[in-house]
Amino acid sequence: MAEKFEFYNSLTRKVEEFVPNEPGKVSMYTCGPTVYHYAHIGNIRTYIMQDVLIKALEYAGYDVKRVMNITDVGHLASDADTGEDKMLAGAKREHKSVMEIAKFYTDAFFKDFEAVGNKKPDVIEPATNCIPEFIHMIEVLLEKGYAYLAGGNVYFDTSKLDEYYVFSSAIEKEQLEVGVRDDVEEDSNKKNKTDFVLWFTKSKFEDQALKWDSPWGVGYPGWHIECSCISMKHLGDRLDIHCGGVDNMFPHHTNEIAQSESYLGHKWCGYWFHSNHLNDRAGKMSKSKGAVLTVSVLKEKGYDPLVYRFFCLQSHYRKPLEFSFDVLDNNVAVYNKLVKRVAELKGEGAVDEAVKAEFEKKFREAVCDDLNTSMAITVLYDALKADTNDATKLSLIESFDRVLSLDLIGHAKALSEGAEVDSELLEFINAKISERAEAKKAKDFATADAIRQELLDKGVEIKDTREGVKWQLI
Ligand code: AMP
Ligand code: ZN
């Protein structure tokens, strides 16, 4: 039996008890990245909070299936179908094909996505895989009278809806009327300002790289259609939770609801989970601003990606969060102190199941209460201070890590092993690891292998991991 779980539903604008369509099971859809550039640490904040949502639901006893799209076509600079095509602009910038750009940035995205402890979605689907599904949905929308052809494009007619749901009263009427975010360019084919493109045939992008045959001519899909279709393809006609950042609410999620419910003829998704933005001192972090701070860059600067996760978990997902290196440095110190405390635990004795259950309950209550991650971390500190044996504490940390994914025990182990090694050996190991990295860079694999063997002879085994080279005494 799954436990009571509450979170803020943007649809009803209140914290609500979550009731899935099928008891114990959760179908979840996440808007994935537009792969024309690196995902910055702001994007990654959104995916960290979604990861915590999934793991908290699992901790509460739910079985979650999660689907994510990859936007590799159709997303224009403004979410309201105006401006440059993002993928095309990326390809031109780097003198590569659109598909090369898509592959490169999809791989880069998942590298950073996983480095911060996120679990990969069960299904990952690029939009370009699903063109027939998009065409089918658009055909149905035309048949049902919810869409029209104008100037060669197919548009969704928002005036046909009883309600064009926009999520937030904070979305200004003016913004809604213009229907754009980044610019004020207007499309004279639209009957209503809030109408949006389902399929482009006549576009200003003569050099549009990806085009497909359709009943309305050779062209490509609008951005919003992909999320409705990909979600229904894998999760059926009734979705439990749809996730995204707050900027996705309008027009993207608004338009997803409009087209999905018009197509289905019934309600589509009951719960909408939106997380707030990461800002830096200059304002909202944005890919389109050019140079972006990524998790990989943090790593190059010597920061452990899990410290970035730790930083994110300490603030609530519905509040904006300001990033600075000073704050991150503070987090490094706090995280390392925490690891040190865990490393001091001896693990002796039997786990006290009653104490364990008591703390697990507190932890579950925190994460099931609109994802109160800072309270969950407080429970972890309380457990470390508790009047119980080390085995119980270690068992609790392991249990909490099913949601927090901070790898405190792994880091503590590495710290203890490091401490057992005398400084001379440590120096030798580090020197050999650097030497081997140089050899690998120069493609001198024979030397790299010889160094590995030299270390092995001294009882040191090395492993190449996502986070870099790790070693242990054998
Ligand atoms: P994109 O690749 O631009 O479509 O964005 C990927 C995800 O990151 C979306 O869910 C956005 O809502 C989210 N996002 C964009 N900018 C930020 C930011 N500054 N902070 C947090 N999330 C963001
Ligand atoms: Zn989407």
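Contact here means heavy atoms within 4.5 Å, and helix axes are lines fitted to C-alpha atoms over the stretch in contact. Keep both in mind for this predicted model.

**Exercise 1. Find the helix that lies across E7 and E8, and give its angle to E8.**

Solution.
- Start with the strands: E7 covers residues 153-156 and E8 covers residues 196-200, and they pair in the antiparallel sense over 3 bridges.
- For a handle on the register, take Val154, whose bridge partner in E8 is Trp199.
- Now zoom out: E7 and E8 sit in an open sheet of 4 strands, ordered E6-E7-E8-E9, with antiparallel pairing. Its edge strands, E6 (147-150) and E9 (220-221), each pair on one side only.
- The helix you want is H7 (residues 249-264), which runs at about 70° to E8.

**Exercise 2. Work out which residues coordinate the zinc ion (ligand 2), and which parts of the chain the cysteine pair ties together.**

Solution.
- List the donor atoms: SG of Cys31, SG of Cys227 and NE2 of His252, at 2.0 to 2.2 Å.
- Write the spacing along the sequence, and you get C-x195-C-x24-H.
- Place the cysteines. Cys31 is in the loop between strand E3 (25-30) and helix H1 (41-59), while Cys227 belongs to helix H6 (residues 225-235), so the pair links parts that are 196 residues apart in sequence.
- Check exposure too: Cys31 and Cys227 are both buried.

**Exercise 3. Describe how helices H11 and H13 pack.**

Solution.
- Two numbers do the job, since a packed helix pair is described by the angle between the axes and the distance between them.
- For H11 (residues 353-368) and H13 (residues 390-404), the angle is about 20° and the axes are 10 Å apart.
- Angles under 35 degrees count as roughly parallel, so that's the label H11 gets relative to H13.
- Add the handedness: H11 passes H13 in a right-handed crossing.
- Finish with the side chains you'd click on. From H11, the residues include Phe359, Phe363 and Val367; among those they meet in H13 are Leu396, Phe400 and Leu404.

**Exercise 4. Sort the residues of strand E5 by face, then say how E5 is joined to E4.**

Solution.
- Split E5 (residues 123-126) into its faces: Val123 and Glu125 are on the covered one, Ile124 and Pro126 on the uncovered one.
- Look at the neighbor: E4 (residues 63-70) runs parallel to E5, and 4 bridges join them.
- Tie the two steps together with Glu125, which is on the covered face and is also the bridge partner of Asn69.

Methods
Residues numbered from 1 in each chain as written. Chains lettered and ligands numbered in written order. Predicted model: local features only at pLDDT ≥ 70, side-chain atom pairs only at ≥ 80, totals over all residues. Heavy atoms only, no water. Donors = N, O, S within 2.8 Å, 3.2 Å for Na, K, Ca; no water. Buried < 20%, exposed > 50% of the residue type's maximum accessible area, 1.4 Å probe, protein only. Pairing = 2+ DSSP bridges. Axes fitted to C-alpha atoms, helices over the stretch in contact; angles between N-to-C directions. Parallel < 35°, antiparallel > 145°, perpendicular 65-115°, else oblique. Left-handed = near helix turned anticlockwise from the far one by under 90°.
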